Each structure stands twice: as structure tokens, then as C-alpha cells.
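Visitor: I've got the sequence and the model up on my screen. Could you take one part of it and walk me through it closely?

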Amino acid sequence: MFEDSPFQDRLIQRHDAAITAYSHDSVLSGTPDAVFRPKTTAEVQEIVRYCFGAKIPITCCGARTSMTGSSVTDAGLLLSLENLTGIVDILPDQRLVSVR
């Protein structure tokens, strides 16, 4: 599924033991095909373009503290945004936060 991905060497794939940490929250469990932890917004853009072109579903997650199962998937790419921790701007009147 990700054989020709530009991030092949940085993907945590289904057969890797490290994927266990991304396979559950406090309510649900499921194992994604791969996990990617981008370090920049440019990497987010590139992997989203790749998945769109390859018709691979994407589920985004942050710190995976959810109790709703929204950060768990059993197919496609789990896009972990945990490394994007820099706040660029806060616009309270628009209820918007820009991060990198």
C-alpha cells in the first residue's frame, strides 16, 4: 500500500511492533495499515497528496487521549500530529489556532 510512498522509511507499518501504541484508546481498538508522524506542515501536505492520489483513507490523531474512538482506525493511514506542537497564531474571535 505504501511501497512507493516518499516517506517509506519513516512509516510505522502494521507489522512493526511500535504500531501497538497507535492501535487503541481508552474505548476502542484497531490497527491501521501505517502511522506517519510528520514534523512539518510540508510533510503533512505531501503525505495527504500521496494518500489522496492512492485513494488511501486518512485518520488524524493528536495525543490519542480520546474516549470516543476518533483517533483509532483499522484501515489506511493514521496521521499522528503529535509532533506539530508549535503555536503560530491564536484568533479567539474566530475560534482558530494555527500550529506547526
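Visitor: Let's make it helix 1: which strands does it lie across, and at about what angle does it run to strand 4?

Guide: Happy to, and bear in mind that this is a predicted model. Helix 1, residues 41-54, lies across strand 2 (34-36), strand 3 and strand 4, and its direction makes an angle of about 170 degrees with that of strand 4.

Let's begin with the helix itself. It has 14 residues, and from first C-alpha to last it reaches 20 Å, close to the 20 Å expected at 1.5 Å a residue. Its buried residues are Glu 43, Val 44, Ile 47, Tyr 50 and Cys 51. Look down the axis of helix 1 and those buried residues fall within an arc of 135 degrees, so they line one face of the helix. Among the elements covering them are strand 2, strand 3 and strand 4. Now go round to the other side of helix 1, where Arg 49, Phe 52 and Gly 53 are exposed.

Next, the sheet. Four strands make up an open sheet with mixed pairing, and their order is 1-2-4-3. Strand 1 (12-13) and strand 3 (58-61) are the edges, each pairing on one side only. Strand 3 runs parallel to strand 4 (residues 77-80), and four bridges join the two. One pair to pick out on screen is Ile 58 with its bridge partner in strand 4, Leu 77.

Leu 77 also turns up in the packing. The largest nonpolar core has 13 residues, and the members that touch the most others are Phe 2, Phe 36, Ile 47, Cys 51 and Leu 77. Strand 2, helix 1 and strand 4 are the elements that give two or more residues to this core. Helix 1 supplies the largest share, four residues. Ile 47 and Cys 51, by the way, are both on the list of buried residues in helix 1.

Phe 2 is a good place to stop and see who meets whom. Setting aside neighbours within four places in sequence, Phe 2 is in contact with Tyr 50 and Cys 51, and also with Gln 8, Leu 11, Gln 13, Asp 33, Ala 34, Ile 56 and Leu 77. There is a second, separate core too, with six residues that include Tyr 22, Val 35, Cys 61 and Leu 78.

From Phe 2 you can step across to Gln 13, which lies in strand 1. Gln 13 has a relative accessibility of 16%, and the cut-off for buried is under 20%, so Gln 13 counts as buried. Beyond its neighbours within four places in sequence, Gln 13 is in contact with Phe 2, Gln 8, Ile 19, Asp 33 and Ala 34.

Back to helix 1, and what comes just after it: Lys 55, which takes a positive phi of about 60 degrees. Lys 55 sits in the loop between helix 1 and strand 3, and that positive phi belongs to a residue other than glycine. With a relative accessible area of 72%, Lys 55 is exposed.

For a second positive phi, head over to the hairpin of strand 5 and strand 6. Four residues lie between the two strands there, and Arg 95 takes a positive phi near 55 degrees. Arg 95, too, is a residue other than glycine, and its place is the loop between strand 5 and strand 6. At 79% relative accessibility, Arg 95 counts as exposed.

The strands of that hairpin, strand 5 and strand 6 (residues 96-99), pair in the antiparallel sense over four bridges. Asp 89, for one, has Ser 98 in strand 6 as its bridge partner. Ser 98 is also touched by Ile 87, along with Val 97 and Val 99, not counting residues up to four places away in sequence. Ile 87 is found in strand 5, residues 87-91, and its relative accessible area of 52% makes it exposed. For a sense of where you are, Ile 87 and Ala 18 are 69 residues apart in sequence and 28 Å apart in space, C-alpha to C-alpha.

So, to come back to your question: helix 1 lies across strand 2, strand 3 and strand 4, its buried residues line one face, and it gives the largest share of the largest nonpolar core.

Conventions:
Residues are numbered from 1 along each chain as its sequence is written. This is a predicted model: local features need pLDDT of at least 70, side-chain atom pairs count only at pLDDT 80 or more; totals for chains, interfaces and linings use all residues. Side-chain values use heavy atoms; hydrogens and water are left out. Two strands pair if DSSP finds at least two bridges between them. Contact means heavy atoms within 4.5 Å. Axes are lines fitted to C-alpha atoms, for helices over the stretch in contact, and angles run from 0 to 180 degrees between N-to-C directions. Buried means under 20% relative accessible area, exposed over 50%, partly exposed in between (1.4 Å probe, protein chains only). A nonpolar core is a set of buried Ala, Val, Leu, Ile, Met, Phe, Trp, Tyr and Cys residues joined through side-chain atoms within 4.5 Å. The expected span of a helix is 1.5 Å times one less than its number of residues. The arc is that of the directions from the helix axis to the C-beta atoms.
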